[in-house]
Number of protein chains: 2
Amino acid sequence: MEAAATAETRARRPARSAKPDVAIGSIVARVFNFSSGPAILPEEVLRQAQAELLDWGGRGYSVVESSHRFEPFVALVEEMEVLVRELLAVPSNYQILFMQGGGHQQFAMVPLNLLRARTQADYVVGGHWSNRAAQEASRFCSVRVAADTLKNGATRAPVQSELSLDPQSAYVYYCPNETIHGIEYDYVPATGDVPLVADASSQFLSRTIDVSRFGIVFACAQKNFGPSGLTVAVIRDDLIGHCSPRWPSMLDYKSYSETRSLYNTPATFAVYIAHRVLRWLKDQGGVPAIETRNIEKATLVYDAIDRSDGFYVNRVARAQRSRMNVPFSLRDDRLTAPFLAEAEQGGLAQLKGHRTVGGVRASMYNAMPVEGARRLAAFMQEFQRRHG
Amino acid sequence: MEAAATAETRARRPARSAKPDVAIGSIVARVFNFSSGPAILPEEVLRQAQAELLDWGGRGYSVVESSHRFEPFVALVEEMEVLVRELLAVPSNYQILFMQGGGHQQFAMVPLNLLRARTQADYVVGGHWSNRAAQEASRFCSVRVAADTLKNGATRAPVQSELSLDPQSAYVYYCPNETIHGIEYDYVPATGDVPLVADASSQFLSRTIDVSRFGIVFACAQKNFGPSGLTVAVIRDDLIGHCSPRWPSMLDYKSYSETRSLYNTPATFAVYIAHRVLRWLKDQGGVPAIETRNIEKATLVYDAIDRSDGFYVNRVARAQRSRMNVPFSLRDDRLTAPFLAEAEQGGLAQLKGHRTVGGVRASMYNAMPVEGARRLAAFMQEFQRRHG
């Protein structure tokens, strides 16, 4: 279809507007954006989207003005599936589904689809997001808290030996990277024959994983692979098809499985950008290459904390420090506001900690260049010199 | 917050990339896009979005890279609410909520929130979409079909006197503009004390309505006011708060009412564009002015059909011809493919009829300029001259 709109056919079209976009040619000073999500996107992806925002593939209209059933758009969704499969080495007995609704919709979809005849599920509570998921699940089943490190301040994840798992549970649920507290599990829970479900929203595609260890891995796009409005779920085949028809069809994984993720109109801009981000990720060398870079970025910032003689404080157990989200406080909390203001002025944006914990949080998802982490570390040292 | 990023502070920021966007300055030949949705958007809105796609309000990052809890983004959602209230003269006892999930999610939310202690609802089936809504509702309650003109080929909407309404029903549901068949009700059903629910997806903001006649008016954005990924519901206060906690929290209107539509992360690009479209609509003179234009556009195309001596055929009852969606067939169906191909080449895009009915469909939502309808009518006449 791309070929249909050649320069020749386009020339014959009556141009509705032919004035050059003068405002666009100007110089853009991009800052380093440490938002926890919706988060930084690869600059080259945004530039390409900008270039074709009014004219998608020479068609004379925007991708967001296209039917989601138009073949070139359908092809894009199909390629996304192929790219995720390739990037994470997803086994053939897993499906890759795209949906709306973010993590919150999955918090409900997981029990509605996985409970089957069972009435209880195990939740490993390692922070805010696994706890929210457990709360939502309690609407539909008996929630067994297999472990809870949130109640003690969320400075570490539960370890395997602490997990109280019941083989009668329909599934075991956890959140491998707790975005708010900056805790990342350094192991995948062993759950025997009970399917393991991971809310990998802030971890997805940032590191290699062994998909075969999981029943479901889901993630919203707005951390590591796109704008908000899109959620991906990688699901083992046999876990699809068990949602009772007394639940809404939108919450049945089968609705998406049967329609190749086009059950209804998706958020097309999010899909389109995510497709480009997945391609970009492949061009970067895939997940192993991006993982190396993510380790480098995290090391730069944690080193700045560890070498600060307590000027900066991160309370998370070392082995479980998140690569994606580095929360820290300043020993003297009165310096937090000046730190954030000066960082912002220095081109280091959205570093404010989550409203529930305060302080500073540097989220460094896939699209954050190493240079961003380097500048943040340098700024931290320089700020400490002036205020320490 | 806008003021914080002055030219001066920006100049101090370390520019990550300073090369001009050479590819963008080129001439874009925009076509007239008759897609039924996701559909045409105002060109000026897209141009503004393009100009600031990498640098939202001088902040050095994109609006899609911003937290949805960032004050300037929250302000934008709040202004959307004000704009919808103003544009539709929404009474003060109605709330305006923004959600994800499109019409399909509303198909479930309406019964889950409105059934309350009742067990049945009345559905007026005038076409494909009201029928889909009825199917979904039948998962949750007894669906009474108050009338059905779909089974007879969907060439008109049921009239008031045909409606078999039961005062015991929790609500009456209908779709005032059936997008696929091109049927638009020429009246608002009288339902007594039973709340009336309208799926106004392809009609919202295209004409003035008396909101006080409705319990709920909902619409997905991708027809008349934005990209896909966003849904609006205008709901009478007293209908909020009745969803049982045994249903997912995402499907409870109260979740959105309590959080000013920021229960979880919305599709931020769709929100941002819709905000601009609503402003654009106000600048056009508001709904009455856009309605006049919509009548003019529809008249142009229906006249081309009616003056074609049966070369073009529209089977819908005259009083209920949709202003938004004009479906028609060619007397000689072998000419449909050439018609579509030549139209496309002439800059009239996405005119193919819905896969279930075939033929041609010209959707002319708010953002379609009158010139687009004029060109389509002229092309129809010219095509008929050559092939009639």
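**Entry 1: a buried glutamate**

I count a residue as buried when its relative accessible area is under 20%. By that cut-off A:E81 is buried, because its relative accessibility is 16%. I was working in a predicted model, and I keep that in mind throughout these notes. I found A:E81 in helix α3 of chain A. Leaving out residues up to four places away in sequence, I saw A:E81 touch A:I96, A:F98 and A:R260. One of these partners, A:F98, sits 17 residues away along the chain, and the C-alpha atoms of A:E81 and A:F98 are 8.6 Å apart.

I then followed the helix itself. Helix α3 covers residues 71–87 of chain A and lies across β2 and β10 of that chain, at about 130° to β2(A).

**Entry 2: the seven-stranded sheet of chain A**

Next I traced the sheet beneath that helix. This open sheet has seven strands in the order β2-β10-β9-β8-β5-β3-β4 of chain A, and its pairing is mixed. Which strands stand at the edges? I found β2 (94–99) and β4 (142–148) there; each has a single partner strand, so one side of each lacks a neighbour in the sheet. On average, neighbouring strands here are turned by 20° against each other, direction ignored.

I looked at one pair more closely. Strands β5 (residues 172–174) and β8 (residues 196–199) of chain A run parallel and are joined by three bridges. In this pair I noted A:V172 opposite A:L196 of β8(A).

A further helix, α4 (residues 102–114) of chain A, lies across β2, β3, β5, β8, β9 and β10 of chain A. Helix α4 runs at about 160° to β9(A).

**Entry 3: strand β9, seen in chain B**

I switched to chain B to look at β9 there. How many residues of β9 (216–220) of chain B are buried? Five of the five are, so the strand is largely enclosed by the rest of the structure. I checked each face: B:I216, B:F218 and B:C220 are buried on one side, and B:V217 and B:A219 are buried on the other.

I also checked what pairs with this strand. Strand β8 (residues 196–199) of chain B pairs with β9(B) in the parallel sense over three bridges, and B:V197 stands opposite B:I216. Strand β10 (residues 231–236) of chain B pairs with β9(B) in the antiparallel sense over five bridges. There I found B:C220 opposite B:T231.

**Entry 4: cysteines**

I searched the whole structure for disulfides and got zero over all chains. Why is there no bond between A:C175 and A:C220? Their sulfur atoms are 9.6 Å apart, which is too far for a bond. Each is buried: A:C175 has a relative accessible area of 2%, and A:C220 has a relative accessibility of 7%.

**Entry 5: nonpolar cores**

The largest nonpolar core has 132 residues, and A:F204, A:F225, B:F204 and B:F225 touch the most other members. I listed the contacts of B:F225, setting aside residues up to four places away in sequence: B:F204, B:L205, B:A219, B:C220, B:L230, B:V232, B:A274, B:V277 and B:L278. A second, separate core has 66 residues, including B:L115, B:Y173, B:I216 and B:L251.

**Entry 6: the three-stranded sheet of chain A**

Further along chain A I came to another open sheet, of three strands in the order β11-β12-β14, with antiparallel pairing. The edge strands are β11 (312–313) and β14 (360–363); each has a single partner strand, so one side of each is left without a neighbour in the sheet. Strand β12 (residues 325–330) pairs with β14(A) over four bridges, and A:F328 stands opposite A:V360. Helix α8 (residues 286–306) of chain A lies across β11 and β12, at about 20° to β12(A).

**Entry 7: a buried glutamine**

I looked up B:Q384, in helix α10 (residues 370–387) of chain B. Is B:Q384 buried or exposed? B:Q384 is buried, with a relative accessible area of 18%. Apart from neighbours within four places in sequence, B:Q384 is in contact with B:S308, B:F311 and B:Y312.

**Entry 8: how the two chains relate**

Last, I compared the copies. A turn of 180° with a shift of 0.0 Å along the axis lays chain B on chain A with an RMSD of 0.0 Å. The two copies are thus related as by a two-fold rotation axis. The same surface serves both copies, as 100% of the contact residues of chain B recur in chain A. Which residue of chain B comes closest to the rotation axis? I found B:Q50, with its C-alpha at 2.7 Å.

Notes. Residues numbered from 1 in each chain as written. Chains lettered and ligands numbered in written order. Predicted model: local features only at pLDDT ≥ 70, side-chain atom pairs only at ≥ 80, totals over all residues. Heavy atoms only, no water. Least-squares fit on C-alpha atoms with pLDDT ≥ 70 in both. Contact = heavy atoms within 4.5 Å. Pairing = 2+ DSSP bridges. Helix = DSSP H or I, 4+ residues; strand = E, 2+ residues; numbered from the N terminus. Axes fitted to C-alpha atoms, helices over the stretch in contact; angles between N-to-C directions. Disulfide = S-S within 2.5 Å. Buried < 20%, exposed > 50% of the residue type's maximum accessible area, 1.4 Å probe, protein only. Core = buried A, V, L, I, M, F, W, Y, C linked by side-chain atoms within 4.5 Å.
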